[in-house]
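Could you walk me through this structure? I would like to hear about its main pocket and its salt bridges.

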Amino acid sequence: MKCLRVYATEDGESHFDEVDIPTVARQVHPEAAIFDVSARYASTHISFTRIPAGAGQVDWHTVPRRSLTVRLGGSAEYQTSDGDRRHVPAGGFILFEDTHGKGHRTVHSPEEQTVIWISLPQGLGQA
């Protein structure tokens with residue numbers, strides 16, 4: 001399974017990347033189809049954010065801690081300092097690791113959005 005990632009290099013520039021989240025096929029219930037299941041990852045806390053309709057653009061900013069965000073509703077376009085842009089729709093998730101440097105820019109879709117923030121002490125792929 002792939003996860004979009006935003007990270008910063010030592011020079012402060014932010015970039016996109018993908019993290020591969022390994023999974024294994026597992027029967028989780030006798031009457032269910034076989035699921036692809038990842039390892040368990042430690043988290044320090046979880047929070048929910050409601051972004052109001054019309055929030056618009058949030059200029060360059062970093063995240064306070066490594067976080068996996070899951071968009072439950074609405075969408076956003078993210079831009080890294082190297083100029084790359086990515087659209088993340090409802091249902092999409094992104095790992096933010098740009099805790100220093102120039103950060104990223106966010107353009108919110110016009111409708112209200114709901115986002116879950118999961119703080120991770122280590123990145124995905126580091127179970």
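Here is a short briefing on the pocket first and the salt bridges after that.

This is a predicted model, in which local features need pLDDT of at least 70, side-chain atom pairs count only at pLDDT 80 or more, and totals for chains, interfaces and linings use all residues. Residues are numbered from 1 along each chain as its sequence is written, and side-chain values use heavy atoms, with hydrogens and water left out.

**The largest pocket**
- The largest pocket (an open set of points on a 1 Å grid where a 1.4 Å probe fits, with protein on both sides within 12 Å along at least five of seven lines) has a volume of about 170 Å³, the volume being the space filled by probe spheres set on the points.
- Of its 16 lining residues (those with an atom within 4 Å of a point), His61, Tyr78, Thr106, His108 and Trp117 are the closest to the centre.
- Strand S11 (strands are DSSP E runs of at least two residues, numbered from the N terminus) gives the largest share of the lining, three residues.

**Salt bridges**
- The whole structure holds eight salt bridges (a side-chain nitrogen of Lys or Arg within 4 Å of a carboxyl oxygen of Asp or Glu).
- One of them joins Lys102 and Glu13 at 2.4 Å, N to O, linking parts of the chain 89 residues apart.
- Lys102 is partly exposed at 45% relative accessibility, whereas Glu13 is buried at 18% (buried is under 20%, exposed over 50%, partly exposed in between, with a 1.4 Å probe and protein chains only).
- Asp59 pairs with Arg105 at 3.0 Å.

Notes
Helix = DSSP H or I, 4+ residues; strand = E, 2+ residues; numbered from the N terminus.
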